[in-house]
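Me: I should like to learn how to read the features of a protein model in a systematic way. May we take them in turn, with the general idea before the particular case?

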Amino acid sequence: IFVTNDSGYNLAMQIYTEVQDPKTGQMNLKSYGPSHGSLHGSSPSAAYLPKDYLQSKRSIAHDNNTTYVYDFLDLFKQALIKTWRAYWQQTGRKEPAAPKEIFKAVELVLDEQRQLEEISRLPGHNDIGMIAWKVDLVTPECPKGRQIIIIANDITHKIGSFGPQEDYLFQRASELARSLHIPRLYIACNSGARIGLAEEVKQAFKVAWNDPSNPDKGIDYLYLTPKAFGKMRNSVNAKLIEESGESRYKIIDVIGEEDGLGVENLQGSGMIAGETSTACEEIVTFSLVSCRTIGIGAYLVRLGQRVVQVETSNIILTGSGALNKVLGRKVYTSNSQLGGIQIMHNNGVSHLASEDDLQAVRSILEW
């Protein structure tokens, strides 16, 4: 008997018997029942396969006390099934009265013009840290179905941070919800606006000390050699100077060759904050906080109408470590003291506290 639980909420069991191959004499696993399991035909002594791509993603998400972003779709399916079962019990119906297909989702991505297009692809093939879906739900209240837009951070991609591409996907998906006059759900699990590093500059810069014999006296400036500057002219603004008998390019500004490292991320944060404020006035806006939501992520949650916060999550503008450094002493021991449910739920920022992600999803469906 093999029991698997990839997402943490969907338990699957496969039963096999060991049979001997009449041709080779080797023992193989044979699935018990009409459908074949993933190990059907393999040797019972075969080595266990290492984590595949999705398992690695799920492991990262679970280490952060959250559900992998694509697995939230399974949570919605399970929550819908529980909702229908509760409806059958309340109405006294013995036979299921729900349609066969109660949940359908199509993923939304950005095209080259940063406009939305629908796409069908396997989970985990995203190249940005934001996912969006247009979802059809069939509930007892809406047996003919209704649509919602779901927008979610992917904590496994650059720790769920917001860059320009993430901001534009959020913006376009929210605009679509407003144009269709349908509810918008934001699943918040992020690290705020992205603060990137220009790796090419990081590996090449040199330091001019105030006193080369005593680095404790501080830095005068950073510079690049002419050879290094020639390779990264578009990554920095630099001024040519002569010092210590050599030519140096004194770094004035670091730009970086990769888009989405600096102030452009803050511009995008302002854009989606304004969009959320507009959406709050025009449509129903829900937020589900899982793991953590920081900086612009916290603002987006607060600007919405209703917030469900998982008990282990935090809604914060900055972390406890940063605040302790500003204060000059250890005042806070964890982020929960700043944005846990004992703070945010008790003060009305979050409207409902849930034990886990599945319970949070079901609460939103009930709302």
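Me: Which residues of α2 are buried?

Reply: Buried means under 20% relative accessible area, exposed over 50%, and partly exposed in between, with a 1.4 Å probe and protein chains only. In α2, the buried residues are Phe72, Leu73, Leu75, Phe76, Gln78, Ala79, Leu80, Thr83, Trp84 and Trp88. As to the basis of such statements, this is a predicted model, in which local features need pLDDT of at least 70 and side-chain atom pairs count only at pLDDT 80 or more, while totals for chains, interfaces and linings use all residues. Residues are numbered from 1 along each chain as its sequence is written, and side-chain values use heavy atoms, with hydrogens and water left out.

Me: Against which elements do the buried residues of α2 pack?

Reply: Helices (H or I, at least four residues) and strands (E, at least two) are DSSP runs, numbered from the N terminus. Contact means heavy atoms within 4.5 Å. The buried residues of α2 pack against the strands β5 (103-110), β7 (130-137), β8 (146-153), β9 (184-188) and β14 (285-289), and against helix α11 (357-366).

Me: What span should helix α2 have, and how far apart are its end C-alpha atoms?

Reply: The expected span of a helix is 1.5 Å times one less than its number of residues. For the 20 residues of α2 (residues 72-91) that gives 28 Å, and the end C-alpha atoms are 29 Å apart, which agrees. After α2 comes Gly92, with a positive phi near 75°.

Me: How is a salt bridge recognised, and how many does the count give?

Reply: A salt bridge is a side-chain nitrogen of Lys or Arg within 4 Å of a carboxyl oxygen of Asp or Glu. The count by this rule is twelve. One of them joins Asp71 and Arg58, whose closest N and O atoms are 2.7 Å apart. This pair links distant parts of the chain, since Asp71 is in the loop between α1 (53-63) and α2 while Arg58 is in helix α1, 13 residues apart. Asp71 is buried, at a relative accessible area of 3%, and Arg58 is also counted as buried, at 14%.

Me: Which parts of the chain does the salt bridge between Glu166 and Arg194 tie together?

Reply: The side chains of Glu166 and Arg194 meet at 2.9 Å, N to O. Glu166 belongs to helix α3 (residues 164-180) and Arg194 to the loop between β9 and α4 (199-202), so the bridge ties together parts 28 residues apart in sequence. Both residues are buried.

Me: Is Glu246, in its salt bridge with Arg248, buried or partly exposed?

Reply: The closest N and O atoms of Glu246 and Arg248 are 2.7 Å apart. Glu246 is partly exposed, with a relative accessible area of 33%, whereas Arg248 is buried at 9%. Elsewhere, salt bridges with shared partners join Arg178, Glu275 and Glu282 into one network.

Me: How should I read the pairing of strands, for example β3 and β4?

Reply: Two strands pair if DSSP finds at least two bridges between them. Strands β3 (residues 16-20) and β4 (residues 27-31) are antiparallel and share five bridges. Gln20 has Met27 of β4 as its bridge partner. The two strands form a hairpin with six residues between them, and Gly25 in the turn has a positive phi of about 80°.

Me: In what order do the four strands of the open sheet lie?

Reply: The order is β10-β11-β13-β12, with antiparallel pairing. The edges are β10 (206-209) and β12 (236-243); each has a single partner strand, so one side of each is left without a neighbour in the sheet. Neighbouring strands are turned by 45° against each other on average, direction ignored. Within this sheet, β11 (residues 219-224) and β13 (residues 246-254) pair over two bridges, and Leu224 has Tyr249 of β13 as its bridge partner.

Me: At what angle do the axes of α6 and α7 cross?

Reply: Two packed helices are described by the angle and the distance between their axes. Axes are lines fitted to C-alpha atoms, for helices over the stretch in contact, and angles run from 0 to 180 degrees between N-to-C directions. The axes of α6 (residues 263-282) and α7 (residues 296-303) come within 9 Å and cross at roughly 10°. Angles under 35 degrees count as roughly parallel, over 145 as roughly antiparallel, 65 to 115 as roughly perpendicular and the rest as oblique. The two helices are therefore roughly parallel to each other. Ser269, Ile272, Ala273, Thr276 and Cys280 in α6 meet Ile296, Leu300 and Leu303 in α7.
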